[in-house]
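Open the model in your viewer and keep the selection panel at hand. The stops below go from the whole chain to single side chains.

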Amino acid sequence: MSLGENLQFLRKNAGVTQEELAEKLEVSRQSVSKWEADASFPEMDKIIALCDMFGCTMDTLVKGNAEKEVREDTAGYDSHMNRFAKLISAGVGLIIFGIALSAFLDEMGFHDSFSGMAFFLFVMVSVMLFVVGAMQNESFRKNNPHICDFYTAEEKKAYDAKFPVRTAVGIGVIILGLVITIGLEGLPESPLTVALMDSSFLVCAAVGVSVLTYNGIMKDKYDIEKYNKETVREEQNDGIVGKICGVIMLISTIIALVALLVFQWDYFWIMFIVGGLLCGIAGIIFGGRDKKE
């Protein structure tokens, strides 16, 4: 296929008119029309801009077959992102559920070491999911630094319609936990009701946060342009944010273990929340620096 044929296909596939494309590139509509008719050839800076806009390589745009690459998802990007979203959201949910179980066992009179052991079993599984997900994602990004945007405009619009509904469901489940907790306060006080009050909200929060996490990752899945730009930045900074977060969470885990086993501190799990917040701060600081650079 020629550049004109590839450009016309990519433009229509993205649901963009010639006028809209011309406006984004700061050229006339006639220029875009000539490019698509192979009557003229865009300048190099415009070719680069087109590649960034449609998420394709220069070889694909100039002399490849854009339709074939777009339709086939030869890299297996969609299945990879679906699997990655499930692993990360499950890991997040299991950590919160582990806190809920630990609180329940404490109120039911179990020894602190038993409830702590139950919590760290969930943490262990969560960490394993995070490690598998992160390593698979890093490997995929290294092997596929650039993905051609194969999603149609209809597919993107369909998920855009689902996104607010799923967000509302996630938030609703968390609020449901508050409602259940308030309702349990009206029951006669007993070890079971107190344990349920302490854990019911956290159980609902585990489900709600998992839904929100999954929904957010799936939303990003359709933003191929963002994926391509992030992959370039990761190659430039050599994953510095990931390394910093890894050290932070390792230190947080050590402190939490010492707090539980040595000082018998019931709120040892707070260290994981602190670690998560510090990771978020690191992402903002170093992510912002990368963009400026």
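Start with the whole chain as a cartoon: 13 helices and zero strands. This is a predicted model. Traced along the sequence, the pattern reads α-α-α-α-α-α-α-α-α-α-α-α-α. Now colour by burial. Of the 293 residues in the chain, 35% are buried.

**Stop 1: helix 8**

Select 112-143, which is helix 8. Helix 8 has 32 residues. From first C-alpha to last, helix 8 reaches 46 Å, close to the 46 Å expected at 1.5 Å a residue. Next, show the side chains of the buried residues in this helix: Ser115, Gly116, Ala118, Phe119, Phe120, Val123, Ser126, Gly133, Asn137, Phe140 and Arg141. Keep the helix geometry in mind as you look down the axis. An α-helix has 3.6 residues a turn, so residues three or four places apart point the same way.

**Stop 2: the nonpolar patch**

Switch to a surface view. Select Met108, Phe110, Phe114, Met117, Leu121, Met124, Val125, Met128, Leu192 and Leu196. Together they make a nonpolar surface patch of about 870 Å². Which helix gives the largest share of the patch? Helix 8 does, with six residues. Add helix 10 (191-221) to the view: helix 8 and helix 10 each supply at least two residues of the patch.

Now centre on Phe110. Phe110 sits in the loop between helix 7 (77-107) and helix 8. Is Phe110 buried, exposed or partly exposed? Its relative accessible area is 38%, so Phe110 counts as partly exposed, between the 20% and 50% cut-offs.

**Stop 3: aromatic rings**

Go back to sticks and show the aromatic side chains. The whole structure holds seven aromatic pairs. Pick Tyr77 and Tyr151, an edge-to-face pair. Their ring centres are 6.4 Å apart, with 65° between the planes. This pair links distant parts of the chain, 74 residues apart. Tyr77 belongs to helix 7, while Tyr151 is in the loop between helix 8 and helix 9 (153-184). Both Tyr77 and Tyr151 are buried.

Widen the selection to Tyr77, Phe140, Tyr151, Tyr159, Tyr222 and Tyr227. Ring pairs link these residues into a cluster. Phe140 ties back to Stop 1, as one of the buried residues of helix 8.

**Stop 4: a charge over a ring**

Finish on Phe163 and Lys219. Turn the view until you look onto the ring of Phe163: Lys219 lies over its face, at 5.3 Å from the ring centre.

How values were computed:
Residues numbered from 1 in each chain as written. Predicted model: local features only at pLDDT ≥ 70, side-chain atom pairs only at ≥ 80, totals over all residues. Heavy atoms only, no water. Patch = residues over 30% accessible without salt bridge, like charges linked within 9 Å, V, L, I, M, F, W, Y side chains within 5 Å. Areas by Shrake-Rupley, 256 points an atom, 1.4 Å probe, with all protein chains shown as cover. Salt bridge = Lys/Arg side-chain N within 4 Å of Asp/Glu carboxyl O. Helix = DSSP H or I, 4+ residues; strand = E, 2+ residues; numbered from the N terminus. Buried < 20%, exposed > 50% of the residue type's maximum accessible area, 1.4 Å probe, protein only. Phe/Tyr/Trp six-rings, centres within 6.5 Å; stacked < 30°, edge-to-face > 60°. Lys NZ or Arg CZ within 6 Å of the ring centre and 35° of its normal. Expected span 1.5 Å × (residues − 1).
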